[in-house]
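Work through the following exercises with the sequence and the 3D structure at hand. Try each task on your own before you read the solution beneath it.

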Amino acid sequence: METVRIPKVINFGKNALSETQYPKNALVVTTAPPDVSAKWLARMKITDYMLYDKVEPEPSIETVNRVMAEFKPKNPSAIIGLGGGSSLDVAKYAGMEMKIPKILIPTTFGTGAEMTTYCVLKFDGKKKLLQDERFLADMAVIDSYFMDGTPEAIVKNSVCDACAQATEGFDSKRGNDFTRMMCKSAFDVLYDAIMNNKPENYPFGSMLSGIGFGNASTTLGHALSYVFSNEGVPHGYSLSSCTTVAHRFNKSIFYDKFKEVIEKLKFDKLALKAPFEQAADIVMTDKGHLDPNPIPVTKQDVVQLLKDIVDGRL
């Protein structure tokens, strides 16, 4: 038997933000400063709400506990995560603990976090990936409105992340007919949007990708990327080369088109400070991404792939 979990309601497309009906006395959590969140809240046309805007980037379980200590006594009807992954993760965990509906509104795109049962929080200063079906949103709202004014580099990294998730998710051994259909549809939308300059379609492609890979997994490309991310390379940028060589290694049907995408987006070559052997040891510990990879991977494979990435042999 296969199981797929997605939010109960998904509102998407033009004006989704302003046309969605929000419950009264909802708690909105965000990382955004007041001048930014005020604009978003006005666009939502939400009037009866409470606001917690002190979510920090890469939040910890302490942040979740502060939110619950301050607002649980006020009996919020729902929790609305409004922002990037940090805001959504705090809303997922706090909503689960308070047993109230979760409405997730991503203001960035690429992670597909609003569609998944995953949540990333810091415990004792270390990031931990949690997975629980109770993290799933009751409603997700996806609107390309938030793309206006987003710096080009962030848009580029985000759409590369979405493409990597969709194509790696398709190849994952944890996938099924439904997830492969969603991942392929996602990449088709994203490929068309990138090659034909239709960025307004990026959030929709990312949403489909979240449904697909969120019920499967990502694979070798993501495992390789974290050694670059650990050295401060933005996640989407690191995937541009890492997922390309992973697709070549896996003989993926997406290899040629993924390469076209990163050439169109004009990503630079990656550099790695860590010695190849040491970096490969780190990659090999990432069983969450390597176990579902369609082809078994050895340490020597990883060393060679890292060399190819640094040398630009994609």
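**Exercise 1.** In this predicted model, decide whether Lys122 is buried, partly exposed or exposed, and then find the residue with which its side chain forms a salt bridge.

Solution. Begin with the accessible area: the relative value for Lys122 is 25%, and because the partly exposed class runs from 20% to 50%, Lys122 counts as partly exposed. Next, look for a carboxyl group beside the side-chain nitrogen, and you will find Glu58, which meets Lys122 in a salt bridge with an N to O distance of 3.7 Å. This lies inside the 4 Å limit that a salt bridge requires. Then place the two partners along the chain: Glu58 sits in the loop between strand S3 and helix H3, whereas Lys122 belongs to strand S6, so that the pair links distant parts of the chain, 64 residues apart. Finally, check the accessibility of the partner, since Glu58, at 41%, is also classed as partly exposed. In general, side chains of opposite charge can pair when their charged atoms come close.

**Exercise 2.** Determine how many salt bridges the structure holds, and identify the residues that are joined with Asp311 into one network.

Solution. The count for the structure is 13 salt bridges. One of them is formed by Arg134 with Asp132, whose closest N and O atoms are 3.0 Å apart, and Arg134 is exposed because its relative accessible area of 51% is over the 50% cut-off. Now turn to Asp311, whose side chain meets that of Arg313 in a salt bridge of 3.1 Å, N to O. Salt bridges that share partners extend this pair into one network, made of Arg248, Asp308, Asp311 and Arg313. As a last step, compare the accessibility of the pair with the classes: Asp311 has 43% and Arg313 has 42%, so Asp311 is partly exposed and Arg313 is partly exposed.

**Exercise 3.** Examine helix H13 and find out whether its span agrees or disagrees with the expected one, which of its residues are buried, and what they pack against.

Solution. Helix H13 runs over residues 299-311, and its 13 residues should span 18 Å at 1.5 Å a residue; the end C-alpha atoms are 18 Å apart, so the two values agree. The buried residues are Val302, Val303, Leu305, Leu306, Asp308, Ile309 and Val310. An α-helix has 3.6 residues a turn, so residues three or four places apart point the same way. The buried residues of H13 pack against helices H8, H9 and H11. Just after H13, Gly312 takes a positive phi of about 75 degrees.

**Exercise 4.** Describe the surroundings of Lys299 in helix H13, naming its contacts beyond its neighbours in sequence.

Solution. Lys299 has a relative accessible area of 26% and is therefore partly exposed. Leaving aside neighbours within four places in sequence, Lys299 is in contact with Glu277, Ala280, Asp281 and Met284. Among these, Glu277 is joined to Lys299 by a side-chain polar contact of 2.9 Å, while Asp281 is joined to Lys299 by one of 3.0 Å.

**Exercise 5.** Locate the kink in helix H9, and state how many residues of H9 are buried.

Solution. The kink, of about 30 degrees, is centred on Ser241. H9 has 15 residues and reaches 20 Å between its first and last C-alpha atoms, close to the expected 21 Å. H9 is mostly covered, with 13 of its 15 residues buried, and Lys251, which follows H9, has a positive phi near 55 degrees.

How values were computed
Residues numbered from 1 in each chain as written. Predicted model: local features only at pLDDT ≥ 70, side-chain atom pairs only at ≥ 80, totals over all residues. Heavy atoms only, no water. Helix = DSSP H or I, 4+ residues; strand = E, 2+ residues; numbered from the N terminus. Expected span 1.5 Å × (residues − 1). Bend = angle between axes of the 7 residues up to and from the residue. Buried < 20%, exposed > 50% of the residue type's maximum accessible area, 1.4 Å probe, protein only. Contact = heavy atoms within 4.5 Å. Polar contact = N/O pair within 3.5 Å; in protein donor to acceptor, adjacent residues only side chain to side chain.
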